[in-house]
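The exercises below each set a task and then work through a solution step by step. Please keep the sequence and the coordinates at hand while reading.

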Amino acid sequence: MSTFTPAFLDELRNRLTLSEVIGRRVKVTRAGREFKACCPFHKEKSPSFTINDAKGFFHCFGCGAHGDVIGFTMRQENRSFPEAVDILAAMAGMQVPKSSPEEAKRYEEEKNLYTLIEDAAKWFEEQLRIPSGRIALDYAKRRNLSEETISRFRLGFAPNDAQALIKYNL
Ligand SMILES: [Zn+2]
């Protein structure tokens with residue numbers, strides 16, 4: 001069992017160039033200061049998947065997929081967070097630090113919280129796209145928010161039911 005300090009993860013992200021890691025899986029082409037590719041996470045013919053090496057993030061304007069090099073690897077290789085870090089550390093030539101049981105436990109708890117928050121964020125985003133969220137989506141459009149802005153900032157809609165998210169999670 002291993003856990004990773006923020007410093008270790010920063011070092012890992014710094015050593016790897018996101019466009020190169022993604023370029024191992026899909027064809028990427030330079031577009032100004034960014035790179036473009038056909039999104040590996042949804043079917044498309046014209047590229048709406050952008051990679052920003054300076055920020056270390058990818059973003060798909062088609063399906064909203066978004067993340068860093070670790071997120072990409074988790075999704076692309078269908079791996080857990082620690083597995084993805086192991087793969088990337090090997091790629092970057094870094095030793096994965098071993099951790100104490102306490103650290104491992106804390107790490108698991110944090111990871112569960114992140115997963116929970118991510119699940120909730122996805123749920124709110126979905127609410128904006130279903131018929132009952134139409135009123136909020138129309139409102140966003142009236143305020144001149146583009147699809148790009150809505151997906152980049154991960155806007156969502158909270159229905160008028162305080163229990164809705166909890167019910168969904170049950
Ligand atoms: Zn996509």
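Helices are DSSP runs of H or I with at least four residues, numbered from the N terminus. With that convention, G93 follows just after helix 4 and takes a positive phi of about 70 degrees. The model is a predicted one.

**Exercise 1. Describe the chain as a whole: its elements, their order and its extent.**

Solution. Begin with the inventory, which comes to eight helices and five strands. Next, reading along the sequence gives the pattern α-α-β-β-β-β-β-α-α-α-α-α-α. For the extent, the C-alpha trace spans about 50 × 40 × 25 Å along its principal axes. Burial is then expressed as a share, with 34% of the 170 residues counted as buried. Finally, taking contacts between residues at least 6 apart in sequence, 52% of them join residues at least 24 apart.

**Exercise 2. Determine how helix 3 and helix 4 are oriented to each other, and which residues meet.**

Solution. Helix 3 covers residues 69-77 and helix 4 covers residues 81-92; their axes are 9 Å apart and the packing angle is about 110 degrees. Because angles of 65 to 115 degrees count as roughly perpendicular, helix 3 is roughly perpendicular to helix 4. On the side of helix 3 the contact is made by V69, I70, T73 and M74, which meet F81, A84, V85, I87 and L88 of helix 4. Sorting the residues of this contact by type gives eight nonpolar, one polar and no charged.

**Exercise 3. Compare the span of helix 4 with the expected one, and locate its buried residues.**

Solution. With 12 residues at 1.5 Å a residue, helix 4 should span 16 Å, and the 16 Å between its end C-alpha atoms agrees with this. The residues of helix 4 that are buried are F81, P82, A84, V85, L88, A89 and A92. Viewed down the axis of helix 4, these buried residues fall within an arc of 155 degrees, so they line one face of the helix. The general background is that an α-helix has 3.6 residues a turn, so residues three or four places apart point the same way. What covers the buried residues of helix 4 includes helix 1 (6-15), helix 2 (18-23), helix 3 and helix 5 (101-129).

**Exercise 4. Is T73 buried or exposed, and which residues does T73 touch?**

Solution. T73 is found in helix 3. Its relative accessible area is 3%, and since buried means under 20%, T73 is classed as buried. Leaving aside residues up to four places away in sequence, T73 touches V21, N78, R79, A84, I87 and L88.

**Exercise 5. Examine the backbone and the accessibility of N78 and of R154.**

Solution. The general expectation is that most residues other than glycine have a negative phi. N78, which is not a glycine, nevertheless has a positive phi, near 55 degrees. N78 sits in the loop between helix 3 and helix 4, and with a relative accessible area of 68% N78 is exposed. R154 likewise is a residue other than glycine with a positive phi, near 55 degrees. The loop that holds R154 runs between helix 7 (147-152) and helix 8 (164-169), and at 29% relative accessibility R154 counts as partly exposed.

Key:
Residues numbered from 1 in each chain as written. Predicted model: local features only at pLDDT ≥ 70, side-chain atom pairs only at ≥ 80, totals over all residues. Heavy atoms only, no water. Axes fitted to C-alpha atoms, helices over the stretch in contact; angles between N-to-C directions. Helix = DSSP H or I, 4+ residues; strand = E, 2+ residues; numbered from the N terminus. Parallel < 35°, antiparallel > 145°, perpendicular 65-115°, else oblique. Contact = heavy atoms within 4.5 Å. Nonpolar A, V, L, I, M, F, W, Y, C, P; charged D, E, K, R; others polar. Expected span 1.5 Å × (residues − 1). Buried < 20%, exposed > 50% of the residue type's maximum accessible area, 1.4 Å probe, protein only. Arc of directions from axis to C-beta.
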